[in-house]
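Let us learn to read a structure through questions and answers. Please look first at the model as a whole.

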Amino acid sequence: MEHRPYWWVKERELLVEHAYPVLQQTRLSCETGPGSPSGHVMGSTAVLFAIVASLDEILSKSRKISHRTKAAGKYILWILFGASLILIAMSRLYTATHFPHQCFLGFLGGLYVAKSLLLDTKMSTWWRNSKRPKVLLAALGMTMISFGAYWLQKGLGIDPQWSVKLAFKWCSKPDWIHVNTTPLFSLVRDCGAAFGIALISPVSMRYTSLGTSSCIVKGVLIGGVMVAMHLAQAAIPIGHVLTFYLCQFMLYAVQPYIYLVIVPFLATQQKVTNKSD
Ligand SMILES: O=P(O)(O)OC[C@H]1O[C@@H](O)[C@H](O)[C@@H](O)[C@@H]1O
């Protein structure tokens, strides 16, 4: 079932008399999703790979930089990439949230996500260049498959929330359990983001121009939006389940519009147009 170490140790203790090591829990241990693959390693791999591969390409194309400096620059970039991921994976092992193979699977998953969705590859052009109805259909399909899998498990007598129950059972402090780590939350967030992307499709029209403003202006804009999103997230009331998930869905649906339309618009101070509109 791909358990997480912090609860697996305890479950084993119930089954086998042999003593198992005591794992110290931390504020970050009480993740509630299944342990594989590591979401942190997967997300970081995807984003870092996309950034480093793009910088590598920019270096390769540059005519102003010497061959030797280019090679050294690329070497440093990829070393930094590897070192960051090793540190992230080690931190996941340290907090007893993962076994090593789960981090490795996260790394492979991240590479796949970067190549199929983020980088400018043949695989990724379909969603960036597709018209709105096609991407809306993909988002709808993704949502239906996800919820279908949930109900199929229920129908087969498997509890889709088994990992949440184990987290509640074995987390040493209930305060350390956060709703935004549950599989259901991820589902709502990812479906919201997929619909948000569909609504602004074709995306390639949106981000080709990130503006003429300086890096500082762009940095301040993006930083400001991130803080605002964080505050909006914290303001969502958790008392009523349906309202909570609906607000989260809308918050994630609106973010592609903010990052890919409003931010470039403010950075260029020109209207970013979409040919399909
Ligand atoms: O699998 P990991 O590394 O413990 O990470 C789980 C986390 O993975 C992230 O990708 C999700 O955004 C979080 O919601 C989730 O809590």
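The dialogue below turns to the ligand and then to one residue of a helix.

Q: Which residues are around the ligand?
A: One begins by listing the neighbours of the bound molecule. In this predicted model, the residues around the ligand are Arg 4, Glu 31, Pro 37, Ser 38, Gly 39, His 40, Arg 92, His 98, Asn 180, Thr 181, Ser 186 and Arg 189.

Q: How do the residues of the shell around the ligand divide into nonpolar, polar and charged?
A: The next step is to sort the neighbours by character. Here one residue of the shell is nonpolar, seven are polar and four are charged.

Q: Which helices each supply at least two residues of the shell?
A: Neighbours may then be assigned to elements. Both α2 (39–61) and α8 (183–199) do so.

Q: Which polar atoms lie 2.7 Å from an oxygen atom of the ligand?
A: Polar contacts are read as pairs of N or O atoms within 3.5 Å. A polar backbone atom of Gly 39 is 2.7 Å from a ligand oxygen, and a polar side-chain atom of Arg 189 lies 2.7 Å from a ligand oxygen. For His 40, a polar side-chain atom lies 2.8 Å from an oxygen atom of the ligand. On its own the ligand has 400 Å² of accessible area, of which the protein covers 79%.

Q: Is Leu 266 buried, partly exposed or exposed?
A: Partly exposed lies between 20% and 50% relative accessible area. Leu 266 counts as partly exposed because its relative accessibility is 41%. This residue lies in helix α11, which spans residues 241–268.

Q: What separates the C-alpha atoms of Leu 266 and Cys 171?
A: Distance along the chain and distance in space are read separately. Leu 266 and Cys 171 are 95 residues apart along the chain, and their C-alpha atoms are separated by 45 Å.

Definitions and conventions:
Residues are numbered from 1 along each chain as its sequence is written. This is a predicted model: local features need pLDDT of at least 70, side-chain atom pairs count only at pLDDT 80 or more; totals for chains, interfaces and linings use all residues. Side-chain values use heavy atoms; hydrogens and water are left out. Helices (H or I, at least four residues) and strands (E, at least two) are DSSP runs, numbered from the N terminus. Buried means under 20% relative accessible area, exposed over 50%, partly exposed in between (1.4 Å probe, protein chains only). A residue is near a molecule or strand if one of its heavy atoms lies within 4 Å of it. A polar contact is a pair of N or O atoms within 3.5 Å; within protein, one must be able to donate a hydrogen and the other to accept it, and residues adjacent in sequence count only if both atoms are side-chain atoms. Accessible areas come from the Shrake-Rupley method with a 1.4 Å probe; for residues, only the protein chains shown count as cover. Ala, Val, Leu, Ile, Met, Phe, Trp, Tyr, Cys and Pro count as nonpolar, Asp, Glu, Lys and Arg as charged, and the others, Gly among them, as polar.
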